[in-house]
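Here's a quick tour of how the strands and helices in this model fit together. Have a look at the fold first, then read on.

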Amino acid sequence: MRISLTQPQLAGAIQTVARAVSGKTTAPVLTGILISAENSRITLKAYDTEIGIQAPAGGTVERDGSIVLPAKIMGEIIRSIPQGNITIDADVSNHTATLTWGRSEFTIHGFDAVQFPSLPEISAAGPITVETETMKGMIRQTAFATAQSDARPVLTGVLLEASGRELSMVAIDGVRLSFRRVYLSNDGIPESKAIVPARALNEVARLIQSGPEVPSVGLEAGQGHALFTIGEVRVISRLLEGQFPPYQQIIPKSYSTTVTIRRQDLHDACERASLVSSDDDNTIRLNISGGCVSMSAASPEVGRVREDVDAQVEGESLEIAFNARLLIEGLRVIDVDEVLLRSTGKFSPACIRYVDHENFIYVVMPLRTAEVS
């Protein structure tokens with residue numbers, strides 16, 4: 001294999017795929033990046049058997065072939081090379097590659113490309129096309145609410161459901177739920193469900209953010225894997241197996257208290273109250289009555305705070321406590337000025353949603369405290 005390309009072209013492709021390189025593996029070849037040259041195209045791949053990323057690199061193919069080169073040393077070398085042309089000449093018989101630029105030469109020991117596992121093929125009815133900003137927003141509004149512990153692996157993923165023109169994503173971590181639904185231009189989408197690891201979705205969002213602007217993202221799921229296509233970049237993820245909790249049963253169906261409040265005002269008050277709260281649960285208390293939400297927090301080490309936020313309150317007065325971080329994280333991903341905060345009681349799940357529709361719903365469990373009991 002012999003290829004020529006510029007430092008920015010190679011550095012960009014390595015940066016795109018490197019997040020799928022395995023950090024801990026008994027297969028050394030998975031610590032590398034597969035560089036392939038075929039039919040005048042240069043392609044880079046990384047795959048840790050859970051997530052794989054494939055990206056093109058510009059440049060010129062002088063001789064077809066492929067080789068796996070260690071990702072860490074390759075990344076460090078390419079970052080240190082001044083911008084300009086680089087030639088990679090690989091000797092596939094002894095698995096080495098020589099990089100030349102200017103008057104410099106660097107030889108790297110790699111791995112046989114035959115040892116690198118193929119990325120899974122996806123067999124699905126056809127891709128679902130989602131506008132890029134819509135996909136990025138759905139990931140942003142759900143993936144943060146997945147579980148960080150592997151105690152229940154299925155909760156480390158986001159449930160994707162598609163049917164007709166609807167696509168929804170749901171995340172649950174045991175103390176909260178985040179639901180987002182959109183209506184697509186696709187019609188007649190077959191009914192399907194898949195649990196995609198949050199890590200894979202976050203990589204998709206990162207690539208959307210950092211890569212060239214593309215109008216839409218392709219999504220396919222089948223045979224245990226999901227494929228996201230972002231322009232010429234492909235992200236393949238293994239799906240999580242298991243029974244996702246029946247999330248519809250977690251979302252309350254009726255409420256005794258409804259609060260209409262400016263999202264930013266509530267978010268900022270929570271942020272300030274959390275600075276005072278020092279217990280393990282980061283407790284803040286909301287006293288809802290009349291025309292305001294009175295928020296308070298206290299700790300022996302710091303002091304106390306009380307802040308009133310204007311709101312429109314319908315129904316019963318309510319005193320309820322929350323983990324401030326859970327409220328803040330939910331409010332942070334909402335992109336409208338006003339929200340509804342609803343509850344059926346101080347020990348029942350509270351729901352934050354848009355005022356006009358239920359296409360975003362954030363459910364959070366309250367805390368039991370000495371003051372609220």
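A charge counts as sitting over a ring if NZ of Lys or CZ of Arg is within 6 Å of the ring centre and within 35 degrees of the ring normal. Arginine 368 fits that with phenylalanine 347: its charged end sits over the ring, 4.0 Å from the centre. There are also 3 aromatic pairs in the structure, meaning rings of Phe, Tyr and Trp (its six-membered ring) with centres within 6.5 Å.

Some housekeeping: the model is predicted, so local features need pLDDT of at least 70 and side-chain atom pairs count only at pLDDT 80 or more, while totals for chains, interfaces and linings use all residues. Residues are numbered from 1 along each chain as its sequence is written, and side-chain values use heavy atoms, with hydrogens and water left out.

**The 8-strand sheet**

Helices (H or I, at least four residues) and strands (E, at least two) are DSSP runs numbered from the N terminus, and two strands pair if DSSP finds at least two bridges between them. One open sheet has 8 strands in the order 6-2-3-4-17-16-15-10, paired antiparallel. Strand 6 (65-70) and strand 10 (128-131) are its edges, each pairing on one side only. On average, neighbouring strands here are turned by 20 degrees against each other, direction ignored. Strand 4 (residues 51-57) and strand 17 (residues 233-238) run antiparallel and are joined by 4 bridges; isoleucine 53 has valine 235 of strand 17 as its bridge partner.

Two helices pack on this sheet, where contact means heavy atoms within 4.5 Å. Helix 3 touches strand 10, strand 15 (216-222) and strand 16 (225-230). Helix 4 touches strand 4, strand 15, strand 16 and strand 17.

How do helix 3 and helix 4 cross? Helix 3 (residues 132-140) and helix 4 (residues 198-210) have axes that come within 9 Å and cross at roughly 140 degrees. That makes helix 3 oblique to helix 4. Thr132, Met135, Lys136 and Ile139 of helix 3 meet helix 4 residues including Leu201, Val204 and Ile208.

**The 4-strand sheet**

Another open sheet has 4 strands in the order 21-20-19-23, again with antiparallel pairing. Strand 21 (303-310) and strand 23 (318-323) stand at the edges with a single partner strand each, so one side of each has no neighbour in the sheet. The twist averages 20 degrees from one strand to the next. Strand 19 (residues 283-289) pairs with strand 23 over 6 bridges, and isoleucine 288 has leucine 318 of strand 23 as its bridge partner. Helix 5 (residues 263-276) packs on this sheet, touching strand 19, strand 20 (292-299) and strand 21, while helix 6 (residues 324-332) lies across strand 19 and strand 23.

Helix 5 and helix 6 also pack on each other, at about 150 degrees with axes 9 Å apart. They are therefore roughly antiparallel to each other. Among the residues making the contact are Leu266, His267 and Cys270 of helix 5 and Leu327, Ile328 and Leu331 of helix 6.

**Helix directions against strands**

| Helix | Strand | Angle |
|---|---|---|
| Helix 3 | Strand 10 | about 85 degrees |
| Helix 4 | Strand 4 | about 20 degrees |
| Helix 5 | Strand 21 | about 175 degrees |
| Helix 6 | Strand 23 | about 85 degrees |

Axes are lines fitted to C-alpha atoms (for helices, over the stretch in contact), and angles run from 0 to 180 degrees between N-to-C directions. Angles under 35 degrees count as roughly parallel, over 145 as roughly antiparallel, 65 to 115 as roughly perpendicular and the rest as oblique.

Technical notes
Rings of Phe, Tyr and Trp (its six-membered ring) pair if their centres lie within 6.5 Å; planes under 30 degrees apart count as stacked, over 60 as edge-to-face and the rest as tilted.
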